[in-house]
Amino acid sequence: MPVTVIENIGLLATPVGRTARSSKEQRDIQLRQNAWLAFENGVITAIGEGRTPAADAHIDACGKLVTPGLVDPHTHLVFGGWRQHELAMKLKGVTYLEILAAGGGILSTVNKTRAASMEELADKAEKELEKMLRLGVTTCECKSGYGLATEEEMKMLHAVQLLRERQPVELVSTFMAAHALPVEYSADREGYIRLIIDEMLPRVAEEHLAEFCDVFCETGVFTPDECRRILLAAQQLGLAAKCHSDEIDPIGGTEMAGSIGAVSCEHLIRCQQSGIEAMKSGGTVACLLPATSFYLGATFAPARQMIDAGVPVAFGSDFNPGSCPCRNLPLAMNIGCYRYRMTPEECLTAVTLNAAAAIHRADRLGTLEVGKQADILIWDAPDLEYVFYRFGDSLADTVIKNGAVV
Ligand code: NIG
Ligand code: FE
């Protein structure tokens, strides 16, 4: 197998390990100056400083910063249409939950998603993925949840399967039929929950369409008890649990999710001390979505308290047509740095190793170490601070996915 070496790396910055990092360890990253990195067959085989070893192919990093490829652990990538008309309502002060209760919001995207074919959904998502890759994102989680009917949810998950064959970003599927109550079931909540548990989840598991199950635990959406029932059923079928909780109201979703050992909780804007403790004891990653707080005009999650309490913090883009129509994970990362007052080192871990842990990929992705997959990002930046200082620009220079320049 040909060996490729990336030479002339000005600064190689990476977290270390195969599990999520918190407390002081979240900022404890490895820095190597004047470094090189070799890979073979898509796997990192050696890293060093100083003189570059012999290799079959060379990539000149031109003295720039090199980090792991970015991992986006939370997106709603597949959907029909957009919702730009909601912006005017938002600016007048109509809230996210008011728009949803009036049949807009997620439910309007459900109509457009149902009207699209699987190929149309995949085509639209593929264009976004291409741009995400250009921003340095090499792995992306994608949730269903705009179908809200068995075949429609399957269609969304099949679109993700199709995209796996078509482009290089590694896609991780999450089943999220508990994203909203569909209008057909507005008078029969129990009927919809039974449909998820008795019909959809067994199909998803049998056809291996998703590794994770997520739920939207929120006022006017699903209660912690309803979410628990759905997530326990998912766990029994081998899907790991995730939970959108404390995005708008702290109604106990995080406490519930921690108690059942959920892999991650999402949003956590209004997370309380009891939620932080539940995540700590559940081994749960806090998946924060800084660009969503920014776009909703909401407050920001108590990230520092989480890190201090030993809960690993990851960042996702939350790319979706409603609460965050922005696919730019590096921008979300910069907002996270400024508004959570997290250090560049902590933020780097949040979009690499901890993000990988939130989607069960930390054994293979999220760091630059011998034995890990060669998912590598060369930045148009001399050091890590520069990346966090120059917000709003795309600083990704060269993206390498599984050993190939893409
Ligand atoms: O993570 N909060 C729930 N789900 C998405 C928003 C979906 C939408 O508005 O279409 C989120 O913010
Ligand atoms: Fe989300």
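Biologist: Hello! What makes the meeting of the Lys-401 and Glu-170 side chains a salt bridge?

Modeller: A salt bridge needs a side-chain nitrogen of Lys or Arg within 4 Å of a carboxyl oxygen of Asp or Glu. For Lys-401 and Glu-170 the N to O distance is 3.6 Å, so the pair qualifies. Please keep in mind that this is a predicted model, where local features need pLDDT of at least 70 and side-chain atom pairs count only at pLDDT 80 or more, while totals for chains, interfaces and linings use all residues. Residues are numbered from 1 along each chain as its sequence is written, chains are lettered from A and ligands numbered from 1 in written order, and side-chain values use heavy atoms, with hydrogens and water left out.

Biologist: How many salt bridges are there in the whole structure, and how many between domain 1 and domain 2?

Modeller: The whole structure has 29, and 2 are counted between domain 1 and domain 2. The domain bounds, from an automatic or database domain assignment, are 3-69 + 366-405 for domain 1 and 71-357 for domain 2. Their centres, taken over C-alpha atoms, are 29 Å apart.

Biologist: What makes residues of the two domains count as being in contact, and how many does each domain give?

Modeller: Contact means heavy atoms within 4.5 Å. Domain 1 gives 35 residues and domain 2 gives 37. About 2,600 Å² is buried between them, 66% of it from carbon and sulfur atoms; buried area is the accessible area (1.4 Å probe) that two parts lose on being put together, summed over both. On the side of domain 1, Gln-26, Phe-388 and Lys-401 supply 28% of the buried area, more than any other three residues.

Biologist: What is counted as a polar contact, and how many residue pairs make one between the domains?

Modeller: A polar contact is a pair of N or O atoms within 3.5 Å; within protein, one must be able to donate a hydrogen and the other to accept it, and residues adjacent in sequence count only if both atoms are side-chain atoms. Between the domains there are 16 such residue pairs, both residues being at pLDDT 80 or more.

Biologist: Why does the salt bridge of Asp-397 and Lys-64 tie together parts far along the sequence?

Modeller: The closest N and O atoms of Asp-397 and Lys-64 are 2.6 Å apart. Asp-397 belongs to strand S15 and Lys-64 to the loop between strand S4 (57-60) and S5, so parts 333 residues apart in sequence are tied together.

Biologist: How do you know that S7 and S8 pair?

Modeller: Strands (E, at least two residues) and helices (H or I, at least four) are DSSP runs, numbered from the N terminus. Two strands pair if DSSP finds at least two bridges between them. Strand S7 (residues 137-143) and strand S8 (residues 170-178) have 5 bridges in the parallel sense, so they pass. Within them, Glu-141 stands opposite Val-172 in S8.

Biologist: And S1 with S5: what makes them a pair?

Modeller: 2 parallel bridges join S1 to S5, so the requirement of at least two is met. Here Leu-11 has Leu-65 in S5 as its bridge partner. S5 is also joined to S14, by 3 bridges and antiparallel, with Val-66 opposite Ile-378 in S14.

Biologist: What makes the phi of Cys-62 worth a look?

Modeller: Most residues other than glycine have a negative phi. Cys-62 is not a glycine, yet its phi is positive, about 55°. Cys-62 sits in the loop between S4 and S5.
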